[in-house]
Amino acid sequence: MTIRHLTIFVAVADQGSMSAAAASLYLSQPTVSQAIRELEKHYNGLLFERLGKKLYLTERGRLLLPQARSLIQQFRQIEELMLNQGQSQILKLGSTITVGTCLTPFLIPKLQKDLPDVHVHSYVSNTKDIEQKLLRAELDVGIVEGEILSPDLTVLPIIDDCLVLAVGKYHPLYHRNCIQIRDLAGEGFAMREQGSGTRQLFEDYIAKHQISVRTVWEANSPRTLLNAVLYDQVLSVMSLRLMTHEIRHNTIRVFYNKNGEWNRKFKLVYHKNKFLTPAIHDLEKLLHTYKNIKLPPNIGILE
């Protein structure tokens, strides 16, 4: 058994077929099939079973998969540690879309000023995608606002954040100082895409309070959602940190959830077996400088 065998095994488990795994690894399908046969012979049992056109892990395969991922990640860390001595290092940083819009662009220049030999590769997507890339060792570290489900990831809540209700100046609710939960029933909303931590928090909220709203916009871009609020008379729920310009110029009115149900944290996330480089330690220190959030003086209240 070698790291190569385990890498092929993980690719087949992720892709669900020998051919897809071969394509992802730039190998021939017979090479992938041979590696799986050798692994199964080594461990004296089947690792996959075929149902229809797709491969599924057996119980033996499910036992092997997390251990294989961990060993592959440790091997990559050793390679990076030894091969990058005296050379420029790369930090693969994942950010969720909210974080990547309002925070990461300011973090990266500060981090690279402190550590000029470190080059940051930034990847921005939703929480679910960032979590999967961390588990596959495609990212070194992530900053997310959504819920992390995997027990294999370490999660450090650091930065205070809160969602607010965004109301454009032409919407009837704009001039209210206080809004009741029932006022949201039936309203049109501009929503983030499925897999977003922001969307999940809001959907949990309306389900808890048995409120039904209409999703009339759906996008993974905060700017798109803001424009929908500004020009299409819909409502949206998003991070207060995304709307400083619009709040300052009174083009959008925001309403804070009085009961704190929309309060949350931006979290630093990495694999529990990750070797923590100086760049990751510096990143954590920088995040603490953004810890607090200040509510604007003219904020409305959602009761």
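## Burial, backbone and cavities in a predicted model

Gln 233 is partly exposed, with 47% of relative accessible area. This residue belongs to a model that is predicted, and its place in the chain is the loop that runs between helix H9 (222-232) and strand S10. Although Gln 233 is a residue other than glycine, its phi is positive, near 55°.

A positive phi is also found at Asn 250, which is not a glycine and has a value of about 60°. Asn 250 sits in the loop between helix H10 (244-248) and strand S11, and at 39% relative accessibility this residue, too, counts as partly exposed. Just after helix H2, Tyr 26 likewise takes a positive phi of about 60°.

### The chain as a whole

The protein chain has 303 residues, of which 48% are buried. Its secondary structure comes to eleven helices and 13 strands, and the C-alpha trace spans about 70 × 50 × 30 Å along its principal axes. When contacts between residues at least 6 apart in sequence are considered, 75% of them join residues at least 24 apart.

### Helices H1 and H2

Helix H2 covers residues 18-25, and its buried residues are Met 18, Ala 21 and Ala 22. Seen down the axis of H2, these buried residues fall within an arc of 100°, and they therefore line one face of the helix. The elements that cover the buried residues of H2 include helix H1 (3-15), helix H3 (29-42) and strand S2 (54-57).

Helix H1 also contains His 5. Is His 5 buried or exposed? With a relative accessible area of 11%, His 5 is buried, because that value falls under the 20% limit that defines burial. Leaving aside neighbours within four places in sequence, the residues in contact with His 5 are Ala 35, Glu 38 and Leu 39. In the case of Ala 35, a separation of 30 residues in sequence goes with a C-alpha to C-alpha distance of 5.7 Å from His 5. With Glu 38 the relation is one of side chains, since the side chain of His 5 makes a polar contact of 2.6 Å with the side chain of Glu 38.

### Ile 206 in helix H8

Ile 206 is a residue of helix H8, and at 12% relative accessibility it counts as buried. Apart from neighbours within four places in sequence, Ile 206 is in contact with Ile 211 and Val 213. The C-alpha atom of Ile 206 is separated by 48 Å from that of Glu 79, a residue 127 places away along the chain.

### The cavities

How many cavities of 30 Å³ or more does the structure hold? There are two of them, and the table sets out their volumes and the classes of the residues that line them.

| Cavity | Volume | Lining residues by class |
|---|---|---|
| Largest | about 40 Å³ | five nonpolar, two polar, two charged |
| Second largest | about 30 Å³ | four nonpolar, two polar, one charged |

The largest cavity is lined by Ala 190, Met 191, Arg 192, Thr 198, Arg 199, Phe 202, Leu 225, Ser 236 and Val 237. Strand S8 (188-192), helix H8 (197-208) and strand S10 (235-239) each supply at least two residues of this lining. Helix H8, which contributes to the lining of the largest cavity, is also the helix in which Ile 206 lies, and strand S10, another contributor, is the strand that bounds the loop holding Gln 233.

Which residues line the second largest cavity? They are Ile 247, Asn 250, Ile 252, Arg 253, Val 254, Asn 298 and Ile 299. The largest share of this lining, three residues, comes from strand S11 (residues 252-257). Asn 250, which has the positive phi of about 60°, is thus one of the residues that line the second largest cavity, and it belongs to the loop that lies between helix H10 and strand S11.

How values were computed: Residues numbered from 1 in each chain as written. Predicted model: local features only at pLDDT ≥ 70, side-chain atom pairs only at ≥ 80, totals over all residues. Heavy atoms only, no water. Buried < 20%, exposed > 50% of the residue type's maximum accessible area, 1.4 Å probe, protein only. Helix = DSSP H or I, 4+ residues; strand = E, 2+ residues; numbered from the N terminus. Arc of directions from axis to C-beta. Contact = heavy atoms within 4.5 Å. 1 Å grid on protein atoms, 1.4 Å probe; cavity = no way out; pocket = protein on both sides within 12 Å on 5 of 7 lines; lining within 4 Å. Points joined across faces, edges and corners; volume = space filled by probe spheres on them. Nonpolar A, V, L, I, M, F, W, Y, C, P; charged D, E, K, R; others polar. Polar contact = N/O pair within 3.5 Å; in protein donor to acceptor, adjacent residues only side chain to side chain.
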